[in-house]
Amino acid sequence: MSKTKNTWHSISSDEVISGLETSKSGLSLSEVKKRQQEFGPNRLDEKKSAGPLIHFLAQFHNLLIYVLIVAAIITTLMQHYIDSIVIMGVVFVNAIIGFVQEGKAKKALEAIKNMLSPSAIVIREGERDTIESTELVPGDIVILEAGDKVPADLRIIEAKGLQTQEAALTGESVPIEKNIEKVPTDSSIGDQTNMCFSGTLVTSGHAKGVVTSIGKDTQIGQISTMISNIEAMTTPLLKAMHTFSKWLTVAIIFLSSLVFIFAYILREFGITESFMAAVALSVAAIPEGLPAILTITLAIGVQRMASQKAIIRKLPAVETLGSVSTICSDKTGTLTRNEMMVQTITTPKKSFQVSGEGLSSKGEFHLDDEVIEPSEYKGLQLLIKSSILCSDAQVKIIEEQVKVSGDPMEGALIIAGHKADLYANKLNQEYTRLDHIPFTSENRYMATLNQFEDGTKILIKGAPEKVLEICQLNAEDNKF
């Protein structure tokens with residue numbers, strides 16, 4: 001089998017099938033087993049990491065912390081137990097905060113594994129079957145349908161109205177139309193319109209694709225590998241603290257030695273008294289409050305970042321992030337959360353504004369800067385109902401978190417309905433969908449046939465010019 005990597009998009013679908021030594025009827029079971037042994041399972045490699053105990057002990061690996069621990073031991077020997085408890089309290093609080101924060105960051109980085117699809121529909125020996133995505137091998141023929149997560153990197157060989165959401169890879173907030181046509185070799189991921197990438201979501205249409213890469217060789221796998229191989233780097237704050245701690249330790253030892261020599265030789269105090277005087281000076285000179293102040297300050301910064309959905313792995317990284325003065329975005333200038341919201345709804349007679357933020361279902365409807373009740377406006381109600389009924393996306397609210405499965409634009413339409421107390425599940429039961437035409441790049445619209453009280457109605461949404469072209473307004477229905 002050809003070992004060519006990352007160039008499948010630049011050749012025809014027939015050449016891809018030939019290069020992967022497969023066919024449109026899929027691989028034989030014997031060939032699948034052979035390739036599973038050769039390529040391994042379709043999963044991301046899990047880098048072995050130290051256990052929780054090692055991670056916790058690593059929080060104490062700091063010169064100033066070492067000095068504080070020594071100070072706590074000395075104060076204990078001097079029977080200053082309250083001072084010892086305070087010092088060790090600072091040390092342990094610092095360690096606990098760092099340990100907890102690193103745990104949160106580790107979970108966030110591991111969440112990338114949850115982007116992978118748990119199952120896949122494949123064709124093997126001409127038969128359609130559903131398998132675990134870990135069993136996929138290069139050369140498998142995979143069937144994609146709306147709502148599916150792409151289980152591996154695929155070269156599309158058949159497509160009908162296929163669109164995928166690739167925000168996780170490219171940052172683009174809108175679905176990308178896919179086809180089977182080859183593209184230039186040097187095309188970026190966002191321009192590879194004949195490829196589907198592992199972890200992305202099929203928002204509409206259906207397709208067949210041949211698996212070109214699995215596991216760590218996929219685009220999402222390469223990102224995971226890059227993250228796991230990030231080298232530990234110190235921040236300017238840690239460098240300054242390390243330098244300060246080193247010079248402070250040297251200065252304390254030097255001055256304490258002078259005090260011992262002065263007391264024992266020049267003043268002829270006993271060895272015990274001279275030593276205790278030197279120890280007392282050492283303990284007094286150690287700024288045991290400094291780590292506590294730094295820890296508390298950084299912890300406040302971390303919590304503020306966490307409230308903005310940004311998890312900081314190391315506390316001192318907050319200081320580095322705070323020094324950022326320039327953020328560079330990609331060629332589109334888009335920095336997106338992959339969230340859309342309906343802001344304006346226009347009927348033939350009126351234009352309504354919708355308030356709210358992102359995926360939140362909290363918001364109000366305004367007309368001429370006044371809050372209105374949507375149920376009092378027939379045209380607004382009908383338009384919202386139609387947009388919900390003519391959508392395939394699903395919106396779930398779990399612990400006040402809104403999750404959209406499907407086209408983000410359709411999700412925004414459904415959430416706008418929530419603000420008007422119109423819900424997709426109830427509407428779909430009340431106005432049964434009898435048939436539908438899925439959105440395709442050729443048609444540029446989606447249409448559904450729904451059963452209303454007064455008969456069946458065709459509902460359409462799509463590109464404005466296309467909808468206006470096929471839409472015939474009825475004067476009687478236009479009285480709102």
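This passage describes the secondary structure, burial, strand pairing, backbone angles and cavities of one protein model.

The model is predicted, so local features require pLDDT of at least 70 and side-chain atom pairs count only at pLDDT 80 or more, while totals for chains, interfaces and linings use all residues. Residues are numbered from 1 along each chain as its sequence is written, and side-chain values use heavy atoms, with hydrogens and water left out.

The protein has 15 helices and 16 strands; these are DSSP runs numbered from the N terminus, with helices being H or I of at least four residues and strands E of at least two. Of its 480 residues, 38% count as buried. Buried denotes under 20% relative accessible area, exposed over 50%, and partly exposed in between, with a 1.4 Å probe and protein chains only. A contact means heavy atoms within 4.5 Å. Among the contacts with a separation of 6 or more, 61% are accounted for by residues 24 or more positions apart.

Strand β9 covers residues 351–354 and takes part in two pairings, with β8 and with β10. Two strands pair if DSSP finds at least two bridges between them. β8 (residues 344–346) runs antiparallel to β9 and is joined to it by three bridges, with T346 of β8 having S351 as its bridge partner. The two strands form a hairpin with four residues between them. β10 (residues 365–367) is also antiparallel to β9, through two bridges, and here V354 stands opposite F365. In a regular strand the side chains alternate between the two faces of the sheet. In β9, F352 and V354 point to one face and are buried, whereas S351 and Q353 point to the other and are not.

A further hairpin is formed by β12 and β13, with two residues between them. Strand β12 (residues 394–398) pairs with strand β13 (residues 401–405) in the antiparallel sense over five bridges, and I398 has Q401 as its bridge partner. E399, in the turn, has a positive phi of about 50 degrees. Most residues other than glycine have a negative phi. Positive values also occur at E125, where phi is near 55 degrees, and at D421, where phi is near 60 degrees. E125 lies in the loop between β1 (119–124) and β2 (127–132) and is partly exposed because its relative accessibility is 48%. D421 lies in the loop between α13 (408–419) and α14 (424–430); with a relative accessible area of 54%, D421 is therefore exposed.

D140 occupies the loop between β2 and β3 (141–145). With a relative accessible area of 0%, D140 is buried. The side chains of D140 and R124 are joined by a polar contact of 2.7 Å. A polar contact is a pair of N or O atoms within 3.5 Å; within protein, one must be able to donate a hydrogen and the other to accept it, and residues adjacent in sequence count only if both atoms are side-chain atoms. When neighbours within four places in sequence are left aside, D140 is in contact with L27, V32, R124, E135, G209, V210 and V211.

L459 belongs to strand β16 (residues 455–462) and is buried at 7% relative accessibility. The C-alpha atoms of L459 and K385 are 9.7 Å apart in space, at a sequence separation of 74 residues. Not counting residues up to four places away in sequence, L459 touches S386, L389, C390, M446, A447, T448, N450 and F452. C390 is itself buried, with a relative accessible area of 1%, and C196 is buried at 0%. The number of disulfides is zero, a disulfide being a pair of cysteine sulfur atoms within 2.5 Å. In contrast to these buried sites, I85 in helix α5 (residues 81–110) is exposed, with a relative accessible area of 61%.

A search of the whole structure finds one cavity of 30 Å³ or more. A cavity is a set of points on a 1 Å grid over the protein atoms alone where a 1.4 Å probe fits but cannot get out, and lining residues have an atom within 4 Å of a point. Grid points are joined across faces, edges and corners, and the volume is the space filled by probe spheres set on the points. The largest cavity has a volume of about 40 Å³ and is lined by M340, M341, V342, G358, L359, A412, I415, A416 and K419.

Definitions and conventions: 1 Å grid on protein atoms, 1.4 Å probe; cavity = no way out; pocket = protein on both sides within 12 Å on 5 of 7 lines; lining within 4 Å.
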